Amino acid sequence: MTDQPPPPTPSSGSGEPDPSDPSSPAGGPGPAGPPPGWDPAQGSWGAAPPQQGWAFPPTGGYPPGSGPYGGQPWYPGPPVGWYPPGHGFDPNDALVTPPGAGIGGWFNRCGGALRRGWRQLVPIMLLTQVLPAAVLSVVSLGLDPSAKWAAQAESTSTPALPDNFAAELLSLLVLLVGGSVVVGLVQAVGWAAGTWVITKQAAGQPASLEAALRYGLRRALGLWGWTLLVSLLIGVGVCFCVLPGIYLAFALSMAGPVYLFERHNPIGRSFRMFHDRLGLLLGRVALVAAAVIVGTLIPGALEGIGTSPLGTDPFSSAGTAAGAVVVIGITAVLALPAHLAQMIGLLVTYAEQRAHEAPVNSAGLAAELG
């Protein structure tokens, strides 16, 4: 194959000279020269001389308007990384961090989600995360038998277990575990509703508080079931020298978003995402975990400081009981940023993982939510 144009096609016919050819004598046959492209020395067809205006190698491209692509320089088509609208991810997408954007793009999308949706997200988190946690804390503090155990231990000189120790301890454990399970169901409503708000707003679609809560109620039961299973696996992992539990917490961090968007095999998909892009997901989830730890430890410490002056049994009188409720309520509200950071951070991380698998955008993710 050559970059030169093909040789002129020889005239087909009987070999008679063309009467219109000025080189042939008028009215009769003249001496016929070799056809174009014929090399008498080699006795074979050779390359015809290039036509005027062609040069090889090309130094300035094809002449304007000519060449195989008609006006394109050398490589026609859209720039690399571009996708038609609605058929891929947009580098400026409000939710999906495109590959190569780095941690800065991830932070920008987390902040953008909070700026767009705080009017809906704050009430959702207060109703489904803060209030249930505060109620559980108040009930646990009111039924905590440790104050009575301490009083019995001080009243006797012989060390012995308090009366009804096993029954009261079992009741407390049942209360904590059962209350956490119920609170988890309410929290699942908030997780689904908040995810719906963030995704719809990123796609430029309306997202009212009422519609978000309806969606959360519709999807809460399934999300709650998968969350219980994930929590059980992490708890079992913690029992094996803690490190397996930490590994499972990171590897299963995408299970909730996977269920909401894909509704198929959340645990397996979360494991696959974690191992396919270990460094990226580990870094993002570590940032979320650090924000959650700091955002919950500080309110927890403040709660302990605030309730310590109320005595070992703050519910022994109405005044101290009211003080305990106020302290727990305030510290529960202070944990609101931790709830927001966890939900937004994991959702933006999931969207980024999807972008590494195939082109995706906010509109496509909003359609998957249903």
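**Chatting about a pocket and two helix pairs**

Colleague: Which residues lie nearest the centre of the largest pocket, and how many line it?
Modeller: Trp191, Thr227, Ser231, Gln342 and Leu346 lie nearest the centre, and 37 residues line the pocket in total. Keep in mind that this is a predicted model.

Colleague: OK, and what volume does the largest pocket have?
Modeller: About 1,200 Å³.

Colleague: How do people find empty space like that, in general?
Modeller: You roll a probe the size of a water molecule over the atoms, and that shows where empty space is left.

Colleague: Which helices each supply at least two residues of the lining?
Modeller: Quite a list: α1 (102–143), α3 (165–202), α4 (209–239), α5 (243–251), α6 (255–261), α8 (278–307) and α10 (336–357).

Colleague: And where does the largest share of the lining come from?
Modeller: From α4, which gives eight residues.

Colleague: What about the lining by class: how many nonpolar, polar and charged residues?
Modeller: The lining has 25 nonpolar and twelve polar residues, and no charged ones.

Colleague: Switching to helix packing. At what angle do α1 and α10 pack?
Modeller: About 130°, and their axes are 8 Å apart. That angle makes α1 oblique to α10.

Colleague: Is that crossing left-handed or right-handed?
Modeller: The crossing of α1 and α10 is right-handed. On the α1 side, the contact residues include Trp106, Arg109, Leu121 and Met125. From α10, they include Leu336, His339, Met343 and Glu352.

Colleague: How does that contact divide by class?
Modeller: Between α1 and α10 there are 14 nonpolar, four polar and two charged residues.

Colleague: Now α5 and α7. What's the angle there?
Modeller: α5 packs against α7 (residues 266–276) at about 95°, with the axes 8 Å apart.

Colleague: Why call those two roughly perpendicular?
Modeller: Because angles of 65 to 115 degrees count as roughly perpendicular, and α5 and α7 pack at about 95°.

Colleague: Which residues meet there?
Modeller: Tyr247, Leu248, Phe250 and Ala251 in α5 meet Ser270, Phe271, Phe274 and His275 in α7.

Colleague: How many of those are nonpolar, polar or charged?
Modeller: The contact of α5 with α7 has six nonpolar and two polar residues, with no charged ones.

How values were computed: Residues numbered from 1 in each chain as written. Predicted model: local features only at pLDDT ≥ 70, side-chain atom pairs only at ≥ 80, totals over all residues. Heavy atoms only, no water. 1 Å grid on protein atoms, 1.4 Å probe; cavity = no way out; pocket = protein on both sides within 12 Å on 5 of 7 lines; lining within 4 Å. Points joined across faces, edges and corners; volume = space filled by probe spheres on them. Helix = DSSP H or I, 4+ residues; strand = E, 2+ residues; numbered from the N terminus. Nonpolar A, V, L, I, M, F, W, Y, C, P; charged D, E, K, R; others polar. Axes fitted to C-alpha atoms, helices over the stretch in contact; angles between N-to-C directions. Parallel < 35°, antiparallel > 145°, perpendicular 65-115°, else oblique. Left-handed = near helix turned anticlockwise from the far one by under 90°. Contact = heavy atoms within 4.5 Å.
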